[in-house]
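Welcome, and take a moment to turn the structure around before reading on. We will walk through it together, one feature at a time.

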Amino acid sequence: MSSTSHTWKPSVTVAAIIEREGRFLLVEEETSDGIRFNQPAGHLDPGETLAHAVTRETLEESAHDFEPTALVGIYMSRYLSSRTGKEVTYLRFAFCGEVGAKHDLPLDVGILRAVWMTYDEMLACREKHRSPLVMQCVDDYLQGKRAPLSLLYTHPTAIGAFTG
């Protein structure tokens with residue numbers, strides 16, 4: 001396909017790797033491929049930083065406050081829907097941080113529940129993960145992979161402030 005007829009762009013997503021007392025916070029969600037488990041995750045919206053996106057998505061999907069403290073990794077994967085045949089490449093920024101209060105809020109459309117799972121429980125339901133990145137991110141987290149948030153720079157024009 002020529003570059004003039006189509007510009008390939010990956011879909012930018014964020015994910016929260018949240019551990020508390022040896023359990024990880026996941027969400028159970030309805031997808032085009034059935035019910036799946038994922039970290040609280042979602043798309044970067046226009047006008048927001050990556051850190052704001054992961055805080056927002058965690059609240060919307062799990063009803064938990066989340067403050068990112070480090071970047072665990074940046075991941076690229078390709079997904080092909082077995083139902084629709086649609087192909088999407090994802091660029092995922094995974095963060096770890098501090099989980100805060102749980103609020104009495106409705107969860108995003110399609111999210112069935114938030115659930116805390118041990119590593120072994122996650123391994124046991126691997127075929128129900130939304131993506132192979134679910135375990136990869138947790139494995140990287142457990143291996144201590146961390147980069148400072150200062151590695152991520154957002155120019156003011158990306159969040160709506162234009163200068164002359």
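The paragraphs below visit charged pairs, a pocket, the nonpolar cores and one glycine.

Please keep in mind as you look that this is a predicted model. A good place to begin is with charge, since side chains of opposite charge can pair when their charged atoms come close. Searching the whole structure turns up nine salt bridges. Three of these pairings involve strand β3, and we can take them in turn.

Start with R23 and E121, which form a salt bridge whose closest N and O atoms are 3.1 Å apart. R23 sits in strand β3 (residues 23–31) and E121 in helix α2 (residues 119–124), so this pair links distant parts of the chain, 98 residues apart. Both partners are partly exposed: E121 has a relative accessibility of 36%, and R23 has a relative accessible area of 34%.

Further along strand β3 you will find E28, whose side chain meets that of R113 in a salt bridge with an N to O distance of 2.5 Å. R113 belongs to strand β8 (residues 111–118), and the two residues are 85 apart in the chain. Is E28 buried or exposed? E28 counts as buried, because its relative accessibility is 15% and the limit for that label is under 20%. R113, on the other hand, is partly exposed at 38%.

The neighbouring position brings us to E29, which pairs with R130 in a salt bridge of 3.1 Å, N to O. R130 lies in the loop between α2 and α3 (133–142) while E29 is in strand β3, so the pair ties together parts that are 101 residues apart in sequence. E29 is buried, with 6% relative accessibility, and R130 is partly exposed, with 40%. Elsewhere, D45, E48, R56, E57 and E60 are linked in a network of salt bridges.

E29 and R130 also lead us to the next stop. The largest pocket has a volume of about 670 Å³, and of the 29 residues lining this pocket, E29, N38, Y90, R130 and S131 are the closest to its centre. Several elements contribute at least two lining residues each, among them β1 (11–17), β3, α1 (50–62) and β7 (87–102). What is the make-up of the lining in nonpolar, polar and charged residues? The lining divides into eight nonpolar, ten polar and eleven charged residues.

Now let us turn to the nonpolar interior. The largest nonpolar core has 19 residues, and I17, L26, V72, M117 and M122 touch the most other members. Elements supplying at least two residues each are β3, β6, β7, β8 and α3, with α3 giving the most, six residues. M117 is worth a closer look: leaving out residues up to four places away in sequence, M117 touches G22, R23, F24, L26, F37, M122 and C125. Apart from this core lies another, of 13 residues, including I18, A53, V54 and F93.

Our last stop is G100, found in strand β7 and partly exposed, with a relative accessible area of 35%. Which residues does G100 contact, leaving aside its neighbours within four places in sequence? The contacts of G100 are with H64 and D65. G100 and G110 are ten residues apart in sequence, and their C-alpha atoms are 23 Å apart in space.

How values were computed
Residues are numbered from 1 along each chain as its sequence is written. This is a predicted model: local features need pLDDT of at least 70, side-chain atom pairs count only at pLDDT 80 or more; totals for chains, interfaces and linings use all residues. Side-chain values use heavy atoms; hydrogens and water are left out. A salt bridge is a side-chain nitrogen of Lys or Arg within 4 Å of a carboxyl oxygen of Asp or Glu. Helices (H or I, at least four residues) and strands (E, at least two) are DSSP runs, numbered from the N terminus. Buried means under 20% relative accessible area, exposed over 50%, partly exposed in between (1.4 Å probe, protein chains only). On a 1 Å grid over the protein atoms alone, a cavity is a set of points where a 1.4 Å probe fits but cannot get out, and a pocket is an open set with protein on both sides within 12 Å along at least five of seven lines; lining residues have an atom within 4 Å of a point. Grid points are joined across faces, edges and corners, and a volume is the space filled by probe spheres set on the points. Ala, Val, Leu, Ile, Met, Phe, Trp, Tyr, Cys and Pro count as nonpolar, Asp, Glu, Lys and Arg as charged, and the others, Gly among them, as polar. A nonpolar core is a set of buried Ala, Val, Leu, Ile, Met, Phe, Trp, Tyr and Cys residues joined through side-chain atoms within 4.5 Å. Contact means heavy atoms within 4.5 Å.
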